[in-house]
Structure formats: C-alpha cells, structure tokens
Amino acid sequence: MARMMLTGPLADRDSWEASNCSIAKALDIVGTRSAILILREAFYGATRFEQFARRVGITDAVASARLKELTEAGIFEKVPYQEPGQRARSEYRLTEMGRDLLPTVLALLQWGDRYLQPDGAPLRLTDTDSGDPVTVDVRAASGVGPDVRSGAPVDADHIEVAPARRRRR
C-alpha cells in the first residue's frame, strides 16, 4: 500500500486539518489545465502571447487571464520587445520560480506516457550531453546522514511526514 507515515502530532489524522497546505497553495496557482499547458509551452520555448494561446488551444481571454495570474504569482516575468514597425509588446519568460516547476511538468508527462498512452510515449526526452533518457523520480537527499538509502529512489511507504520547523521572518 502506497502510504506515507505521518508522525508526531500528525499521526492522529482526525486531530488536525491540512490548512496551510503547500499542495493546495500550488494548485491555487498552477492547478488549471491551461496553466499547466502554458508551462509546457514555456518549457518548449514559447514566450509570446500568441504562441501560448495558439499552441494551448485557448481563447485570447483565457490566455490573458492565465498569463496574468502566473505573472502575478511570480512564475513568469514580462519583458518588453518591439518588432520593427510594430507597437511595443511583452514576452513572458519563466522566472526561477517558474523553472523550478520543470520536474512537476515532466512528472505529469511521464505519468501520462505510462498510463494514458497505450501505444507508447509520443515524445522521447533525452539529456543533450549524455543522450541518456530523462526521467523524474523521488529520491532521498544525497549524502545526508548515515542512511545507506541516501540518493536512492524512495516510494511512499518509505516517506515520513512530520511538522517542519518554520523559519521566522
């Protein structure tokens, strides 16, 4: 059974609520189909409004709303550009916060390839330097503590969940 181990005050699941949940907060920003597909296109190289709307297959109104939300959240930054003879416009470039979503986007692609593509993956992802396949998995932090599993893949049965010590601001 794939289940993480809740410890400490989290062990009694009926005694707490998942308020302030990082997953819920992330989904508030990127939890729509159009947001994830806009991110996909950004990783494929799209930077301009028309590219996002056309490639994702959404209306200009939806593209505008989603790009505004993603920019306000800090995932994109708007950078002005101007083609000769045209009015000034903005490109949308991924910020560090946006680039950090690459494993999330690739994990969805990998999951879809495995479970939703009966004829196999339509795309192949490889490292440009080594030519090795690119995959996403969950691993223990490498080199931390005496655990011989450090750096090894970890499944849900081997993940312990405990309250974190919060940083003071």
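The buried residues of α2 (buried meaning under 20% relative accessible area with a 1.4 Å probe, protein chains only) pack against α1 (22–30), α3 (49–56), α4, β2 (76–81), β3 (89–94) and α6. These buried residues are Ser34, Ala35, Ile36, Leu37, Ile38, Leu39, Glu41 and Ala42. The model is predicted, with local features needing pLDDT of at least 70 and side-chain atom pairs counting only at pLDDT 80 or more, while totals for chains, interfaces and linings use all residues. Residues are numbered from 1 along each chain as its sequence is written, and side-chain values use heavy atoms, without hydrogens and water.

Helices (H or I, at least four residues) and strands (E, at least two) are DSSP runs numbered from the N terminus. Helix α2 has 12 residues and spans 17 Å from its first C-alpha to its last, close to the expected 16 Å; the expectation is 1.5 Å times one less than the number of residues. Just after α2, Gly45 adopts a positive phi of about 115 degrees.

Consider next the packing with α4. The axes of α2 (residues 33–44) and α4 (residues 60–72) come within 10 Å and cross at roughly 75 degrees, where axes are lines fitted to C-alpha atoms over the stretch in contact and angles run from 0 to 180 degrees between N-to-C directions. That crossing makes α2 roughly perpendicular to α4, a class covering 65 to 115 degrees. Contact (heavy atoms within 4.5 Å) involves Ser34, Ala35 and Ile38 of α2 together with Val62, Arg66, Leu67 and Leu70 of α4. Ser34, which lies in α2, counts as buried because its relative accessibility is 8%. Apart from neighbours within four places in sequence, Ser34 touches Ile58, Val62 and Arg66.

With helix α6 (residues 102–116), α2 packs at about 105 degrees, the axes being 10 Å apart; the two helices are therefore roughly perpendicular. Here Ile36, Leu39, Arg40, Phe43 and Tyr44 of α2 meet Leu102, Val105, Leu108 and Leu109 of α6. 

The packing of α2 with α3 is at an angle of about 120 degrees, with axes 10 Å apart. The pair is therefore oblique, the term for angles that are not under 35, over 145 or from 65 to 115 degrees. Arg33, Leu37, Ile38, Arg40, Glu41, Ala42 and Tyr44 of α2 form this contact with Phe52, Arg55 and Val56 of α3.

Note on methods: Buried means under 20% relative accessible area, exposed over 50%, partly exposed in between (1.4 Å probe, protein chains only).
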